[in-house]
Amino acid sequence: MELTHEQAKRWLLNFHQKVTDNKAYLSELDQAIGDGDHGSNMARGTEAVKDKLGSVTEDSLEAVLKQAAMALISKVGGASGPLYGSAFMAMAKTAKETSELSTLIEAGLDGIKHRGKADVGDKTMIDMWQPVTSALHEDDLTEVTIDQALEDVKPLKAKKGRASYVGERSMGALDPGAVSSGYLFTALIEEVLA
Amino acid sequence: MELTHEQAKRWLLNFHQKVTDNKAYLSELDQAIGDGDHGSNMARGTEAVKDKLGSVTEDSLEAVLKQAAMALISKVGGASGPLYGSAFMAMAKTAKETSELSTLIEAGLDGIKHRGKADVGDKTMIDMWQPVTSALHEDDLTEVTIDQALEDVKPLKAKKGRASYVGERSMGALDPGAVSSGYLFTALIEEVLA
Amino acid sequence: MTLGIVVASHVDHIAEGVHRLLKESAPDVSITYAGGTDDGEVGSSYALIEAAIEQNDSDTLYCFYDLGSAKMTLEMVSEMTDKDVTIIDAAFIEGAYTACALIQGGYKQAEIDDQLEPLKVK
Amino acid sequence: MTLGIVVASHVDHIAEGVHRLLKESAPDVSITYAGGTDDGEVGSSYALIEAAIEQNDSDTLYCFYDLGSAKMTLEMVSEMTDKDVTIIDAAFIEGAYTACALIQGGYKQAEIDDQLEPLKVK
Ligand SMILES: Nc1ncnc2c1ncn2[C@@H]1O[C@H](COP(=O)(O)OP(=O)(O)O)[C@@H](O)[C@H]1O
Ligand SMILES: Nc1ncnc2c1ncn2[C@@H]1O[C@H](COP(=O)(O)OP(=O)(O)O)[C@@H](O)[C@H]1O
Ligand SMILES: [Mg+2]
Ligand SMILES: [Mg+2]
Ligand SMILES: [Mg+2]
Ligand SMILES: [Mg+2]
């Protein structure tokens with residue numbers, strides 16, 4: 001399925017809304033295994049995305065994704081800034097060639113892997129992006145995919161980012177970046193797939 | 001020979017004077033192989049020694065040396081603070097048993113070695129204290145001892161303290177702590193041995 | 001008793017900034033700090049380091065320092081205090097961050113020591 | 001051209017304090033710094049790191065960072081700039097101090113690399 005620039009805008013605005021509504025929860029999750037700022041980082045970042053989107057006048061998917069990337073890179077402030085930023089930047093580049101949704105999300109996943117040198121099973125946002133990408137390839141992304149990914153991320157031991165410092169103590173906890181990425185894909189389901 | 005508390009006071013005041021007069025030179029030497037503050041560190045420290053000496057009312061060598069140690073520890077601010085401070089603290093402890101000059105200075109040398117884990121040949125103040133201690137044991141401390149020590153310290157490669165970072169580039173330079181220690185012992189010659 | 005952390009730097013702003021960084025990941029750990037000389041110059045202060053050690057809520061302390069001369073001052077204070085002070089020769093910020101995160105996470109001293117071992121660079 | 005140094009920290013005061021510490025031993029080295037987010041919060045800022053890289057007098061830079069996420073931001077900027085940027089995975093303050101002292105002492109890049117090697121902890 002193809003992603004249009006209008007859908008992409010609605011998707012990002014919905015993501016902003018979900019992050020904003022769950023700001024305190026995301027920070028709380030981060031407090032347990034990190035430094036407690038993931039909610040405020042992402043709220044600041046998606047707020048900047050919202051602002052930037054207002055100024056995108058071109059009818060172009062690439063422009064929408066690139067502005068989102070720039071906003072996230074500039075404003076998040078935590079590790080999730082360069083990570084989400086790299087994801088959207090990679091998607092923007094891919095959008096020059098295709099607007100096929102699963103191809104775009106897979107490019108985003110690759111951008112995150114390239115930036116953070118993490119992989120599946122390290123208890124990061126990758127453990128949300130990877131199953132979502134697979135589901136999209138099979139035309140089968142639903143809330144079940146996201147809920148399952150969250151279940152699966154819990155028992156993992158963090159190997160990257162701040163949570164890696166507490167190693168085993170991270171086992172049993174949700175990864176804040178996986179949760180915020182879950183919001184991103186719920187927003188995608190609501191605005192694009194529904 | 002025995003060191004009296006009056007001599008010790010005059011010695012320390014003379015040291016203060018020499019350090020103050022050569023403050024810029026000491027900092028210049030430190031700029032070449034360190035961080036350029038040895039003159040101001042030692043001027044601040046010996047100024048504090050001078051102040052403290054005013055309040056020593058006891059006729060006690062131990063008290064004089066201990067007050068000097070406290071002032072140096074508190075006020076120098078650089079590596080030379082704990083080092084000179086440990087030297088004078090060790091001398092104060094030894095003064096409980098004896099006031100024999102060479103024994104006292106040797107205790108000071110040991111205090112420096114204990115604190116800084118350096119030894120002869122590392123291009124530090126030890127390369128002044130060691131030959132001076134030897135000369136005192138032979139009742140033969142003169143300006144020649146000090147001049148010779150300064151000549152000998154020049155070619156050495158720094159192995160301790162900030163100068164050790166530039167390693168080979170320290171070769172050929174004077175060590176600021178050896179120079180300030182030279183003033184200490186010139187003051188000793190002038191006030192006690194002359 | 002759980003470990004406390006003392007941070008000793010040559011610069012007041014570094015010490016204060018490191019404290020801020022550590023507190024984010026370890027809000028429940030007692031972290032005290034000393035930076036610069038009594039007059040705010042670059043260097044180390046016996047009085048400030050002593051205060052950081054005495055004012056820490058814990059009696060068992062791991063102390064981190066940036067450069068060697070702060071270590072000497074830490075040693076002098078540690079010889080005078082009744083507290084159980086260990087000076088850690090690890091990378092300053094990285095070591096202090098690791099220790100704080102682990103203390104906050106409830107790890108034991110032996111486990112913390114293991115994690116600090118590869119960070120020893122001085 | 002001689003090496004310049006860039007210091008990237010999660011906290012504004014740390015970056016500024018490290019700059020102060022380094023400058024004492026390396027007054028002639030171009031040292032620029034970035035700390036915290038655009039709003040002075042704990043974190044890292046693309047704009048501030050980019051400015052530190054662009055404003056450095058040198059075109060060949062060694063960059064030091066405190067924690068991993070500053071490294072990611074450094075990497076993003078380094079992919080965009082024309083300058084020759086090397087990110088050094090050494091103990092932050094100890095590595096930056098060593099590099100600065102050696103550059104000030106006129107050492108060559110290969111010698112500096114050798115000295116930094118044992119300080120690599122991340
Ligand atoms: N190297 C990495 N690769 C992928 N994701 C990472 C990596 N490091 C951290 N993350 C993600 O970033 C999230 C933390 O983001 P945030 O709290 O905003 O940044 P910080 O850790 O700098 O405070 C983690 O929950 C994790 O999902
Ligand atoms: N470990 C050590 N043992 C003995 N002397 C040392 C040691 N480290 C430094 N010094 C002495 O201290 C002097 C530098 O003192 P100063 O400039 O006041 O301190 P800093 O290096 O902290 O700025 C050196 O010239 C050297 O003589
Ligand atoms: Mg965080
Ligand atoms: Mg953070
Ligand atoms: Mg100095
Ligand atoms: Mg100094």
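User: What is the relation of chain A to chain B, touching or apart?
Analyst: Chain A and chain B do not touch. Contact means heavy atoms within 4.5 Å. The nearest C-alpha atoms of these two chains are 31 Å apart. This is a predicted model, where local features need pLDDT of at least 70, side-chain atom pairs count only at pLDDT 80 or more, and totals for chains, interfaces and linings use all residues; side-chain values use heavy atoms, without hydrogens and water. Residues are numbered from 1 along each chain as its sequence is written, while chains are lettered from A and ligands numbered from 1 in the order in which they are written.

User: Which chains share the most contacts?
Analyst: Chains C and D do, out of 5 pairs of chains in contact.

User: What makes Asp30(A), Asp35(A) and Asp37(A) donors of the magnesium ion (ligand 3)?
Analyst: Their OD atoms lie 2.0 to 2.2 Å from the ion. Donors are N, O and S atoms within 2.8 Å of the metal (3.2 Å for Na, K and Ca); water is not among the atoms, so sites may look incomplete. In sequence, the spacing of these donor residues is D-x4-D-x1-D. Asp35(A) also coordinates the magnesium ion (ligand 4), which is 3.5 Å from ligand 3.

User: Why is Asp30(A) called buried?
Analyst: Its relative accessibility is 8%. Buried means under 20% relative accessible area, exposed over 50%, and partly exposed in between (1.4 Å probe, protein chains only). Therefore Asp30(A) counts as buried. Asp35(A), with 6%, is buried too.

User: Which residues hold the magnesium ion (ligand 6) in chain B?
Analyst: Asp35(B) and Asp37(B) coordinate it through OD atoms, at 2.0 to 2.1 Å. Both residues are buried. Asp35(B) also coordinates the magnesium ion (ligand 5), 3.5 Å from ligand 6.

User: Why are E2 and E4 of chain C said to stand at the edges?
Analyst: The open sheet has 4 strands in the order E2-E1-E3-E4, with parallel pairing. Strand E2 (31–35) and strand E4 (84–88) each have a single partner strand, so one side of each lacks a neighbour in the sheet. Neighbouring strands are turned by 20° against each other on average, direction ignored.

User: How do you know that E3(C) pairs with E4(C)?
Analyst: Two strands pair if DSSP finds at least two bridges between them. Strand E3 (residues 60–65) has 5 bridges to E4(C), and the two run parallel. The bridge partner of Cys63(C) in E4(C) is Ile87(C).

How values were computed: Axes are lines fitted to C-alpha atoms, for helices over the stretch in contact, and angles run from 0 to 180 degrees between N-to-C directions.
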